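Let's put some labels to the test: each one gets its value, its cut-off and a verdict.

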Amino acid sequence: MKILMLSVILMLSSCSTIDQVKASKGIYCSAGYKAIRAVGRTALSVTTGLVSPDVCSQIDLIAEEVTEEDTVGA
């Protein structure tokens with residue numbers, strides 16, 4: 001029973017986190033922040049060879065997945 005309650009709490013908090021990020025997309029995806037993150041991603045790629053995606057594109061993908069799940073579950 002405790003595990004069930006804990007999993008419900010975690011699921012609810014993840015939904016609110018996604019909503020908060022979607023609501024704050026204007027801040028995260030402003031031109032200044034995008035430029036700073038691009039410099040950081042480039043430095044990471046050059047030094048380690050790892051390629052990391054842009055946060056804004058990930059927010060869009062997550063928002064699309066959540067929207068699709070909501071329409072399928074409705």
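Patches are made of residues with over 30% relative accessible area and no salt bridge, where like charges are joined within 9 Å and nonpolar side chains (Val, Leu, Ile, Met, Phe, Trp, Tyr) within 5 Å. This is a predicted model, so local features need pLDDT of at least 70 and side-chain atom pairs count only at pLDDT 80 or more, while totals for chains, interfaces and linings use all residues. Residues are numbered from 1 along each chain as its sequence is written, and side-chain values use heavy atoms, with hydrogens and water left out.

Q: What makes Ile-27, Tyr-33 and Ile-36 a nonpolar patch on the surface?
A: Ile and Tyr are both on the nonpolar list, and the three residues form a surface patch with about 340 Å² of accessible area together. That area comes from the Shrake-Rupley method with a 1.4 Å probe, and for residues only the protein chains shown count as cover.

Q: Why is Tyr-33 called partly exposed?
A: Its relative accessibility is 45%. Buried means under 20% relative accessible area, exposed means over 50%, and partly exposed is in between (1.4 Å probe, protein chains only). So Tyr-33 lands in the middle class.

Q: What about Ser-30: why is it partly exposed?
A: Ser-30 has a relative accessible area of 27%, so it gets the partly exposed label too. You'll find Ser-30 in the loop between helix H2 (25–28) and helix H3 (31–48). Helices here are DSSP runs (H or I, at least four residues), strands are E runs of at least two, and both are numbered from the N terminus.

Q: How do you know that the reach of H3 is close to what is expected?
A: The expected span is 1.5 Å times one less than the number of residues. H3 has 18 residues, for which 26 Å is expected, and from first C-alpha to last it reaches 25 Å. After H3 comes Gly-49, with a positive phi near 85°.

Q: How do you know that Cys-29 and Cys-56 are joined by a disulfide?
A: The cut-off is a pair of cysteine sulfur atoms within 2.5 Å, and the S to S distance for Cys-29 and Cys-56 is 2.0 Å. So the pair is a disulfide. It links distant parts of the chain, with Cys-29 in the loop between H2 and H3 and Cys-56 in helix H4, 27 residues apart. A search of the whole structure turns up one disulfide, and both Cys-29 and Cys-56 are buried.

Q: Why is this disulfide called left-handed or right-handed?
A: The torsion about the S-S bond of Cys-29 and Cys-56 is about -130°, so left-handed it is.

Q: Why is Asp-54 called buried?
A: Asp-54 has a relative accessible area of 16%, so it counts as buried. Asp-54 sits in the loop between H3 and helix H4 (55–73). Leaving out residues up to four places away in sequence, Asp-54 touches Lys-34, Arg-37 and Arg-41, where contact means heavy atoms within 4.5 Å.

Q: What makes Arg-37 and Asp-54 a salt bridge?
A: A salt bridge needs a side-chain nitrogen of Lys or Arg within 4 Å of a carboxyl oxygen of Asp or Glu. For Arg-37 and Asp-54, the closest N and O atoms are 3.6 Å apart. Arg-37 lies in helix H3 and Asp-54 in the loop between H3 and H4, so the pair ties together parts 17 residues apart in sequence.

Q: What makes Arg-37, Arg-41 and Asp-54 one network?
A: The side chains of Asp-54 and Arg-41 also meet in a salt bridge, at 3.1 Å, N to O. Salt bridges that share partners join Arg-37, Arg-41 and Asp-54.
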